Amino acid sequence: PPEPTLVASVLPADFAQLGAELQTLEKAGVDRVQWDVMDGRFVPNMTIGPDVIAATRGHVTMGFEAHLMVADPDPMLHRWVEAGCELLIVHAEAVTHLHRTLARIRELGARTGVALNPATPLTAVEHVWDIVDLLLVMTVNPGFGGQSYLASMEPKLAAARAEIDRRGLDVELEVDGGIGPATIGAAARAGATTFCVGTALFTGPGTLADRAADLRKAAA
Ligand code: DX5
């Protein structure tokens with residue numbers, strides 16, 4: 001299997017010193033950062049906007065992905081790219097015209113991601129595989145960090161892995177929500193190759209670098 005990709009969710013980071021937190025993450029060897037963007041409508045929580053992401057862009061060189069947990073993301077797609085995100089993940093449940101939204105993200109020069117909430121079937125992306133660079137299978141209901149991993153999503157992960165491999169697609173299969181030492185192995189065995197981790201990176205034994213290394217080992 002390919003080397004696991006470790007993505008740090010900034011949700012549990014100290015928002016009072018985000019630049020320094022990102023530098024710590026970079027030094028700890030995470031592969032890229034996930035900005036959990038929440039608008040208080042698509043999910044019952046609010047976090048950060050493009051200006052906060054832009055403010056941190058110059059502090060680190062690692063990649064930024066924007067997980068847009070927002071209703072109707074189309075009007076602001078360019079803002080996340082201008083802020084320094086090279087991968088935009090939209091929720092299939094939040095857009096009316098998913099094919100057009102993904103095409104727009106590609107036009108902006110960014111990679112496309114589609115996130116599926118736990119109740120959303122894999123068939124939501126059946127007709128857009130050709131313009132999807134990453135599929136994000138949520139293993140919690142979005143809106144908060146620190147929730148428990150939904151093992152019931154493993155069949156969906158396995159089906160996604162089977163479909164990606166059957167079609168010979170170059171699509172990253174990412175999992176997000178409750179991923180930690182106790183759950184990352186099962187998610188990897190189900191077929192995920194990219195792991196978004198929040199709480200289990202920021203809290204736990206040892207240093208952040210130790211936890212990142214342990215997670216990589218457990219996912220391999
Ligand atoms: C849910 C968020 C969280 C976050 C990771 O809306 O997307 O899943 O990224 O949180 P942990 O790793 O703490 O579950």
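UniProt positions follow the numbering used here, feature names are shortened, and annotations may be inferred rather than shown by experiment. The views show a predicted model, in which local features need pLDDT of at least 70 and side-chain atom pairs count only at pLDDT 80 or more, whereas totals for chains, interfaces and linings use all residues. Residues are numbered from 1 along each chain as its sequence is written, and side-chain values use heavy atoms, with hydrogens and water left out.

**View 1. Annotated positions Asp-36, His-67 and Asp-176.** An unreviewed UniProt entry assigns the feature "binding site" to Asp-36, His-67 and Asp-176. These positions are spread over 141 residues of sequence, yet they cluster in space, with a largest C-alpha distance of 10.7 Å. Asp-36, His-67 and Asp-176 belong to the lining of the largest pocket (an open set of points on a 1 Å grid over the protein atoms alone, where a 1.4 Å probe fits, with protein on both sides within 12 Å along at least five of seven lines; lining residues have an atom within 4 Å of a point). The unreviewed entry also places the feature "active site" at Asp-36 and Asp-176, and the pocket lining includes both Asp-36 and Asp-176.

**View 2. The ligand and the shell around it.** The ligand occupies the largest pocket (more than half of its atoms lie within 2 Å of the grid points). Among the 20 residues around the ligand, those that come nearest are Gly-143, Asp-176, Gly-178, Gly-198 and Thr-199 (a heavy atom within 4 Å places a residue near the ligand). By class, the shell consists of eight nonpolar, ten polar and two charged residues, where Gly counts as polar and Asp, Glu, Lys and Arg as charged.

**View 3. Strands that contribute to the shell.** Strands β2 (32-38), β3 (63-69) and β8 (194-197) each supply at least two residues of the shell around the ligand (strands are DSSP runs of E, at least two residues long, numbered from the N terminus). The strand that gives the most is β2, with three residues, and Asp-36 has its place in this strand, β2.

**View 4. Polar contacts of the ligand.** Polar contacts are pairs of N or O atoms within 3.5 Å. A polar side-chain atom of Thr-199 lies 2.5 Å from a ligand oxygen atom, while a polar backbone atom of Gly-143 is 2.7 Å from an oxygen atom of the ligand. At Gly-146, a backbone N or O atom lies 2.8 Å from a ligand oxygen atom. The protein covers 99% of the 370 Å² of accessible area that the ligand has on its own (Shrake-Rupley method, 1.4 Å probe).

Technical notes: Polar contact = N/O pair within 3.5 Å; in protein donor to acceptor, adjacent residues only side chain to side chain. Helix = DSSP H or I, 4+ residues; strand = E, 2+ residues; numbered from the N terminus.
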